[in-house]
Amino acid sequence: MFLTTSPLPLAPLWELFFARAPNNLYNVYVHADPSSVNHTTTSFHGVFAHRVIPSKPTRRHTPTLISAARRLLAHALLHDESNSMFALFSPSCIPIRSFSYTYRTLMKSRRSFVEILKNEPGAYERWAARGEEAMAPEVEYSDFRIGSQFWAVKRKHARIIVRDRRVWSKFKLPCLRDDTCYPEEHYFATLLSMVDQRGCTPCTLTHVDWNGSRGGHPRMYKTSEVGPELIRTLRKYRPRYGDEERSDGSNSSVRRRHDPFLFARKFSPGSLHRLISIANGVIFKD
């Protein structure tokens, strides 16, 4: 599921990713902001053609990004009852493994992959972004979690997200200030932590580098940085597990895990030609 405000600049790489996959093993859905300049459904080709769902405008620091993800989930649930795992991507995301490796990893898991972090720096300010006690009693501060907006959830959890009204009633409220308002990084982690934390592996499978971040955005890999060594390095990293940071010692099972990163972001549109040049020899070679 792709959430975008423009035509997908890295679409040719994803085309190669899906090229050797049986059509019955995947579905593609795109939520494309209809208010974007020079944006039409005809901007999407190949596996993305005719895959744009009814979409609405999205804007950072607002609940619209949550709404868009919920809209994608609802459409995918209804479109094909065989859809069993739902992964969300941005236009700057890329796969760093082959389709077969990615498919096996996701389908063998009995759990969703959702980063769920507690007591992050600035968590209270984010919880109170809509006003002191505005989230209570539905979402107390002790319930509040932070995590990546890019997750892969099982069908059971997709249905929970789409059907949720109680927690969503708080996260859809407007924030009083933008610098603490990142609802898409809070809603999914908080909801699934409250409803079924044991059903989630508390990590994301999409690697991101926050070193050198600007304006709340993670590092963007430049064209000159893209090559075989970068892909191999990204594959070696270990996800951050939310449960691993508990102090009660009850997280030994999580500590033993080392789930592989399957995707990575952010990659600049200009890096496409380099990514294509190493696709078959590196990215899709397991």
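This report walks through two nonpolar cores, a helix pair, an enclosed helix and one buried loop residue.

Please keep in mind that the model is predicted.

**The nonpolar cores**

Let's start inside. The largest nonpolar core holds 46 residues, and Trp-14, Phe-48, Ile-94 and Phe-267 have the most contacts within it. Several elements give it two or more residues, among them helix H1 (11–19), strand E2 (30–32), helix H3 (99–108) and helix H8 (228–236). H1 supplies the largest share, five residues. A second core, separate from this one, has 37 residues, including Leu-88, Ala-123, Trp-151 and Ala-158. As background, nonpolar side chains in soluble globular proteins tend to be buried together.

Phe-48 is a handy residue to click on. Setting aside neighbours within four places in sequence, Phe-48 touches Phe-2, Leu-8, Ala-11, Trp-14, Glu-15, Val-28 and Val-30.

**Helices H2 and H5**

Next comes a helix pair. Helix H2 (residues 64–79) packs against helix H5 (residues 155–163) at about 125°, and their axes lie 9 Å apart. That angle is why the two helices, H2 and H5, count as oblique to each other. Their crossing is left-handed. The residues that meet are listed here:

| Helix | Residues in the contact |
|---|---|
| H2 | Arg-70, Leu-73, Ala-74, Leu-77 |
| H5 | Arg-155, Ala-158, Arg-159, Ile-161, Val-162 |

Sorted by class, this contact of H2 with H5 has six nonpolar residues, three charged ones and no polar ones. Ala-158 appears in the H5 side of this contact and is also one of the residues of the second core.

**Helix H7**

Is helix H7 enclosed or open? Eight of the ten residues of H7 (residues 187–196) are buried, so the helix is largely enclosed by the rest of the structure. The buried residues are Tyr-187, Phe-188, Ala-189, Thr-190, Leu-191, Leu-192, Ser-193 and Asp-196. Their cover includes H2, H5, strand E6 (152–154), helix H6 (168–171) and strand E7 (200–201).

**Val-139**

Finally, have a look at Val-139, which sits in the loop between helix H4 (123–127) and E6. Its relative accessibility is 0%, so Val-139 counts as buried. What does Val-139 contact, leaving aside neighbours within four places in sequence? Its partners are Trp-127, Val-167, Lys-170, Phe-171 and Thr-190. One of these, Thr-190, is among the buried residues of H7. Another partner, Val-167, is 28 residues from Val-139 in sequence, with 6.7 Å between their C-alpha atoms.

Notes
Residues are numbered from 1 along each chain as its sequence is written. This is a predicted model: local features need pLDDT of at least 70, side-chain atom pairs count only at pLDDT 80 or more; totals for chains, interfaces and linings use all residues. Side-chain values use heavy atoms; hydrogens and water are left out. Axes are lines fitted to C-alpha atoms, for helices over the stretch in contact, and angles run from 0 to 180 degrees between N-to-C directions. Helices (H or I, at least four residues) and strands (E, at least two) are DSSP runs, numbered from the N terminus. Angles under 35 degrees count as roughly parallel, over 145 as roughly antiparallel, 65 to 115 as roughly perpendicular and the rest as oblique. A crossing is left-handed if the near helix is turned anticlockwise from the far one by less than a right angle, and right-handed if clockwise. Contact means heavy atoms within 4.5 Å. Ala, Val, Leu, Ile, Met, Phe, Trp, Tyr, Cys and Pro count as nonpolar, Asp, Glu, Lys and Arg as charged, and the others, Gly among them, as polar. A nonpolar core is a set of buried Ala, Val, Leu, Ile, Met, Phe, Trp, Tyr and Cys residues joined through side-chain atoms within 4.5 Å. Buried means under 20% relative accessible area, exposed over 50%, partly exposed in between (1.4 Å probe, protein chains only).
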